[in-house]
Each structure stands twice: as structure tokens, then as C-alpha cells.
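Visitor: Could you take me through how a helix and a salt bridge are read from a model?

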Amino acid sequence: MGDGFERVGTGQTVFRQDEAVEGRLVWLDSPQAVMDFVAGGEVTESVVLARGGTTTFLTPALAAGVKGVITLQGSPESHLGIISREFGIPAIMGVAFERGVRSSRGEVIPADGVRVRVDVTTSPEGAVFVEEGAPVDDSPVPENPELDAMMAEFAVLLHHFNREIPHGAEGDAMVRGRMTTDVLRLTPESMKRDLTLEECNDFMDYLGWEFWDALALRATEGESGLIPRQEYEALGDVHLFERIPLHHRLLTAELGVDGLRELGATARREIGTKVNLLHLYCQALMPSFGRAVTVELGLRDRRTYGVDEIRRCVEITRRLYAGAWNDDGLIFTSARGYVAPILESHWLERFQDEKVSFADPEERARFQLFSATTEMFAFLQHLDNRLGLADTGPYPLPGGGFVIVRDHFVNEPLWRWARETAGDLPYAITEAMFFRDAPELTLRLLDVGTLFTEPANYLQYLTGAAVYVRDKWDTPVSEIRRIDAEEMESIRVRAEKATTDLYAKIASWSRREKIYAGAEVYYTGQIAVLGRNAGLWDRMVAEHRHYELDQLVHDAYELLDVQGKAATLVPQLFIAGGACARVGEEPSLQAAAELHRLALKGVLPDLGDAKQELLDRGLVSETKAGFVPTPAGVAADERELSDERLRVDVDQLAATYDRFLAVNSTLKSLATRWQDGGGDELAGEVEDVVERASAVLSRSAQILPRFSDHAERLRAACARVQDGEGEWMNSPTIDSVHTVWMEIHEDYLRTLGRDREAEGSY
């Protein structure tokens with residue numbers, strides 16, 4: 001730049017402001033480092049650098065007022081992006097540094113203690129500069145082409161669902177245009193009856209896209225240095241799906257359809273309640289995610305696990321939403337233009353009557369600090385997820401402008417750590433925030449209870465607010481009260497101290513304790529709100545053993561955390577739609593076996609008794625050449641193989657495959673010699689190689705029984721060769737030795753998930 005600084009990295013600007021900020025860089029890579037930094041002073045003149053984009057890791061630093069934030073992972077849509085925006089702290093996320101020193105993990109970062117400049121004057125991309133002469137490690141960064149390819153694929157999936165459907169209104173129109181039912185419309189008739197499987201799967205298709213549309217970019221936020229959230233989300237949802245169908249059944253039996261609608265109507269009748277769109281949304285979404293995790297881990301059979309239960313989750317979600325919206329419209333905000341003005345009109349009238357206008361920037365700054373502090377404590381108390389806050393709106397104002405209503409839940413008695421640290425803070429804080437009209441400002445209010453805007457620094461348009469508290473979760477709505485600036489400041493101070501105390505408490509937990517505590521937030525937080533408001537929570541806990549974790553959960557923990565599967569499984573389900581998989585469409589075992597045989601051969605003249613089922617499910621189609629797999633059939637076969645890899649000893653199968661490869665070249669040589677004019681004189685060699693292969697297939701059949709069928713077909717073809725029928729050696733039109741051999745080889749490759757070209761084995 002010619003002013004003593006040089007650019008070393010670029011990333012995504014969380015929100016744009018007119019001036020860059022400068023400060024001393026502090027690299028924070030552990031909770032203890034964060035606490036030591038805050039205790040050491042000079043916080044307000046420092047720019048902190050962390051790995052991930054999760055809120056909770058940097059909580060004390062944000063509360064202490066750091067000058068700027070840089071992360072190696074994450075995006076403005078992540079939790080840290082949201083909070084830094086609320087605090088007004090300049091932040092650049094997902095920065096790729098071109099030059100610097102190495103962290104303990106080999107990441108390229110600026111040296112700790114150098115002076116940096118965070119340039120957020122441009123959007124969507126900002127830049128990081130360091131002072132000239134800063135230390136540099138010039139050793140080459142190890143190349144990782146596999147990781148680079150994976151990240152390139154990841155980038156595609158972040159912006160196009162299933163590689164083809166975009167975000168926003170265009171994506172909504174595409175997904176709804178492919179639906180064959182009107183399940184998204186909340187009609188009185190559809191509330192009273194059971195949904196068909198087709199309606200359920202249309203709903204799941206849309207929910208998969210809607211979930212991706214809302215949160216795909218959050219999938220990039222990376223790891224938390226404090227709370228292993230991917231692990232606990234997955235684990236919590238595994239247990240949730242084991243319990244929530246029981247809870248839903250009790251709610252339906254006790255309340256009926258009309259009672260469920262009345263329960264959902266709490267969202268429009270009250271403020272400071274967790275009966276909000278986010279928690280209604282979770283009634284179908286998170287059980288589906290739990291089912292998907294359980295199946296992908298190989299702990300349950302995809303074909304039979306939870307089909308009816310998912311349908312019931314969809315039904316209760318629709319009935320609750322019908323009460324929240326109180327109309328016959330579409331269920332999700334994405335289908336309503338990304339708005340959620342659900343509160344009854346008398347609330348807006350009260351907000352207008354009790355609004356406090358911000359006469360000067362200092363008043364707005366004090367409100368913004370109060371709001372950010374309580375929002376951050378809500379995030380931390382709920383262990384870094386959105387269950388502790390929710391937005392509704394925008395609510396248009398008669399003279400122009402609009403209101404956004406935001407709830408922060410800062411004293412949830414369900415959590416022991418909240419009971420130990422939140423003190424006398426109120427249960428909920430509700431902020432009715434007034435904004436002036438601005439043509440350049442666009443809003444997206446999502447079912448996950450979060451407002452996103454463009455430009456991101458929407459608080460510059462804030463003109464005033466009315467703030468309320470609900471002292472306890474069951475405080476009557478008539479006793480919700482407005483608070484003044486003095487009480488707001490008192491709450492802010494207490495919330496700031498509670499944040500420090502809770503951060504230290506969580507940091508002291510073991511990794512396992514953090515994961516199981518986070519799982520509790522997920523499997524309890526998403527259903528207790530309904531149980532409490534329906535007066536049924538104590539029964540749910542006692543009758544359904546809500547807090548008792550089955551062996552399934554502990555098995556899932558072993559796979560997700562100890563074996564590290566969460567790191568790849570959760571993002572994969574998150575952004576590729578697998579979290580909301582269709583149900584009841586997996587083929588029977590007989591049909592699955594026939595489909596796999598077809599996948600190996602490419603075409604078959606007949607499919608036996610499985611033909612009609614495969615046709616009805618759209619997994620095969622009939623052509624002049626015979627039956628061929630459809631794309632859905634190929635995908636179904638891949639799912640079966642994926643499940644197999646989880647059930648069987650893949651390493652043992654790979655060992656038998658290595659023995660198969662040892663005779664593969666011999667068979668290929670024999671096939672070539674036979675084709676070049678060999679014949680009866682080679683029959684003995686053919687028999688020998690088939691016997692050797694049969695021994696290998698026998699070992700493989702002990703792992704996967706279908707390999708015994710391969711062995712029988714191979715021996716049958718060999719017998720025809722021994723009888724002098726030479727075409728049974730190489731002919732591609734019959735089950736010849738060479739044809740069966742190729743299918744066996746292909747089955748090994750597909751079952752083991754290997755690529756023939758990459759392996760070089762033909």
C-alpha cells in the first residue's frame with residue numbers, strides 16, 4: 001500500500017464500514033488463550049484471529065470490545081458473523097493468507113503480535129494487511145490435491161442445492177414446481193387427515209432445500225475451539241428421533257388437531273415465548289436429521305427405520321404452523337417471500353405506543369450494546385445454537401418504515417448451567433426494533449428465526465425500540481413488562497458477568513461433557529417448549545424416559561466423536577439434502593438384490609419377481625434392449641452399498657479383494673490368448689484360475705453372501721468351457737467366464753467404494 005502495510009489475505013466482509021481498523025494481532029486457539037487475553041488488558045486495541053466462525057469461542061473477547069475479528073473459516077451467515085454484526089465489531093471471515101508464519105497445525109497466519117489492518121470498506125470481499133517486515137515462513141505449504149478437489153465440490157454445493165437449485169425465490173419456485181402435491185398449503189381439510197406418503201416426501205424434498213437455503217453457508221463456519229457442535233447436534237438428534245415420535249403421539253392424543261393449532265397460535269399471541277417458528281420448524285427437520293445420522297452410521301436399517309414416525313413429525317409440524325400463521329397460506333417463510341409478520345396487530349400497536357426514539361447516536365449505541373450482550377449470552381447458554389433467540393417481521397408501519405421483533409432467551413431453567421450462572425436475569429428479553437425505510441435495504445426473515453439483510457449493517461437504519469422482559473417462562477402474557485434504559489443497563493451488566501462465568505464453566509468441562517450437554521440442548525430444547533406449554537412435560541419425561549440415553553446414543557457417540565465421523569458426515573447431510581431424505585421408498589431386500597445385479601450388468605432381459613416393484617418405484621425402466629436402471633435406481637443402489645460398508649468388515653473384504661487382484665492379470669491374459677486363437681489346450685488353465693478365484697470368493701461370501709452366487713456362476717461358465725463350448729469363455733452376450741469375472745471385479749470395486757480408473761485395475 002506504500003504506507004507501511006502490505007496485503008497478505010482476503011476474506012468475506014461481515015459488514016461494510018467506511019474506515020479500516022488497525023491493531024495488534026492476537027492469535028487465539030484455545031479457550032484458555034481467550035481468557036488469558038481478556039484478563040491481560042489491551043483488548044480494545046487488539047484484533048483477534050481465530051480458526052472458526054462459531055460465536056461462543058470468542059465470547060469473552062467480543063464482550064470485552066476487541067477492535068476487530070479475523071477467522072480462517074466461516075462466513076458472514078455464521079453465528080460469529082451475526083454477533084460481530086450486532087456488536088458493530090469489524091470482521092473478515094474465511095481468510096486465506098498468502099504469507100505469514102505457521103500455526104501449530106501448519107496454517108499460514110500473520111505472526112502473533114504484529115500490527116494488522118482490517119479493511120472492511122468493500123463488500124463482499126475484504127482484505128487483511130500486515131506491517132512491512134512482519135515475520136514470514138517461506139517453506140512451501142504441503143499440497144493436498146484431494147482436499148482441494150473436495151473443497152471445490154463443497155463450494156458448488158454451497159451455492160446450488162443438488163448442484164442445480166439456487167438459493168432464494170428462484171430456488172423456491174423450482175422446488176415447488178416439481179412437487180406433485182399441495183402439502184405446503186395449510187388447508188383445514190389437510191389438517192384433519194393423515195398425510196399420504198407422497199405428500200410426506202414432497203414436504204421432505206422442500207424441507208431439504210429450505211434447510212439448505214437457510215443455513216448452507218453456515219456449514220462453512222468450521223470448528224469451535226470451545227464446543228464441538230457438529231458432534232453434539234448429530235448426537236442430540238439421534239436421541240431426539242428415538243423420543244420425539246412418542247412425545248408427538250402424546251401431544252396429538254391429548255390436544256387433538258384443534259388443540260395443536262391452538263398451541264402453535266402461541267407464536268402469534270405472545271412475545272417472549274419459545275413457541276416460535278424456529279421451534280415449530282424443528283419438529284420435522286431435526287428428527288429427520290437424527291434419522292439420517294442414525295442410518296448413515298449403520299445403526300438402523302434405512303428401509304424400515306422411522307418411516308411412519310417421519311410422517312407423523314410432518315403432520316404435527318403442519319398443524320402447529322397452521323396455528324402460528326392463522327391462514328390457509330404456505331407453510332415456510334421462503335414460500336411467503338421471506339417474511340414472518342406473525343404477531344397479532346395489538347402487539348404492534350403497543351410497540352408503537354411504547355417506542356423510545358433514539359435522539360442521538362449514543363442512545364442507539366447503548367441499545368446496540370445491550371442487545372448484542374444479551375444475544376451473545378443466549379447463544380452461549382444454548383451452547384452455540386439458535387434455540388436461544390428468534391426474530392419475526394418485518395411489520396410495516398402506517399407512515400413508512402418497519403419493525404423487527406427479536407427474542408433473547410437468557411435464563412432457561414431447563415439447563416443446569418443456566419441455573420448456576422444466569423442468576424436473576426429474566427427468562428426472555430423482547431426487542432421491538434423500529435427502522436426507517438431505505439430503498440437499498442433488503443430483508444430475508446428465515447424459519448430458523450434469523451434475519452439476514454443486504455447490506456449487512458442494517459442497524460444503521462435503526463430509529464428506536466421498545467424493550468420487554470418475561471421474568472419466567474410461565475409468566476402470564478399479561479405480566480410481560482416494558483423496561484427502561486436503567487433496567488436495560490442493569491441486565492446488560494449482569495449478562496456480561498454471567499457470560500464470563502459460563503464461559504469459564506464450559507471451558508472446564510471435558511470434551512465428552514460438552515458433547516453430551518450440547519446434545520441435551522438439542523434433544524430437550526426442541527420438544528420441551530411444546531410439552532411445557534401443553535402441560536405435558538412432566539409426563540413426557542416420566543413416561544417416555546426422555547432423559548434416559550439408550551445404547552444407540554452411546555454407539556453413535558463412539559462413531560461420531562471417537563472415530564471422528566461427524567466432521568464429514570454432518571456437513572455432507574447438511575448441504576447435500578440427506579438430512580431430509582425421502583422415506584418409504586427403499587426397495588425390498590429381493591428388489592435391492594436384483595437392482596444391484598442390474599447395476600453391475602447395465603441391462604437385463606428380465607428382473608424376475610422384483611420387476612413390478614422396481615418399475616413401480618421408478619428404479620428401473622424398460623427399453624428394447626431390456627431393463628436398465630434409472631438415475632433413482634442408481635442412487636438407491638449406491639445407498640444400499642453405503643449401508644453395507646457400515647455393516648460389514650470392509651478391511652477384511654478389501655483383503656480378499658487383494659487376493660482376487662492377484663489372479664486377475666492371469667485371467668485377463670488367458671482371455672486374450674483365447675481370443676487370439678487359443679482353445680481346448682487352455683481349458684485346464686482356465687479351470688485352475690477359476691478354482692483359485694472360487695477360493696477367494698468363498699472367503700468374501702463369509703462377509704457378503706452374494707459373492708457365493710458369483711462363485712457358482714463362474715464355476716458354471718467354466719464347466720461349459722470344459723465341455724468344449726468355447727463361447728462360454730469370452731462371449732459378452734452370455735454369462736461367460738470373462739463376463740462373470742468382470743461383474744465380480746465391478747462388485748468388489750463398487751462395494752469397497754473404489755474407482756477402477758484411479759486404481760488402474762482392468
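The dialogue below turns to a helix and then to salt bridges.

Guide: This is a predicted model, in which local features need pLDDT of at least 70 and side-chain atom pairs count only at pLDDT 80 or more, while totals for chains, interfaces and linings use all residues. Residues are numbered from 1 along each chain as its sequence is written, and side-chain values use heavy atoms, with hydrogens and water left out.

Visitor: What span should helix α15 have, and what are its end C-alpha atoms apart?

Guide: Helices are DSSP runs of H or I with at least four residues, numbered from the N terminus, and the expected span is 1.5 Å times one less than the number of residues. For the 24 residues of α15 (residues 511-534) that gives 34 Å, and the end C-alpha atoms are 35 Å apart, which agrees. A kink of about 40 degrees is centred on Ala528, the bend being the angle between axes fitted to the seven residues ending there and the seven starting there.

Visitor: How many residues of α15 are buried?

Guide: Buried means under 20% relative accessible area, exposed over 50%, and partly exposed in between (1.4 Å probe, protein chains only). In α15, 19 of the 24 residues are buried, so the helix is largely enclosed by the rest of the structure.

Visitor: Which residue forms a salt bridge with Glu685?

Guide: A salt bridge is a side-chain nitrogen of Lys or Arg within 4 Å of a carboxyl oxygen of Asp or Glu. Glu685 pairs with Arg673, the closest N and O atoms being 3.2 Å apart. Because Glu685 lies in helix α23 and Arg673 in helix α22, the pair ties together parts 12 residues apart in sequence.

Technical notes:
Helices (H or I, at least four residues) and strands (E, at least two) are DSSP runs, numbered from the N terminus.
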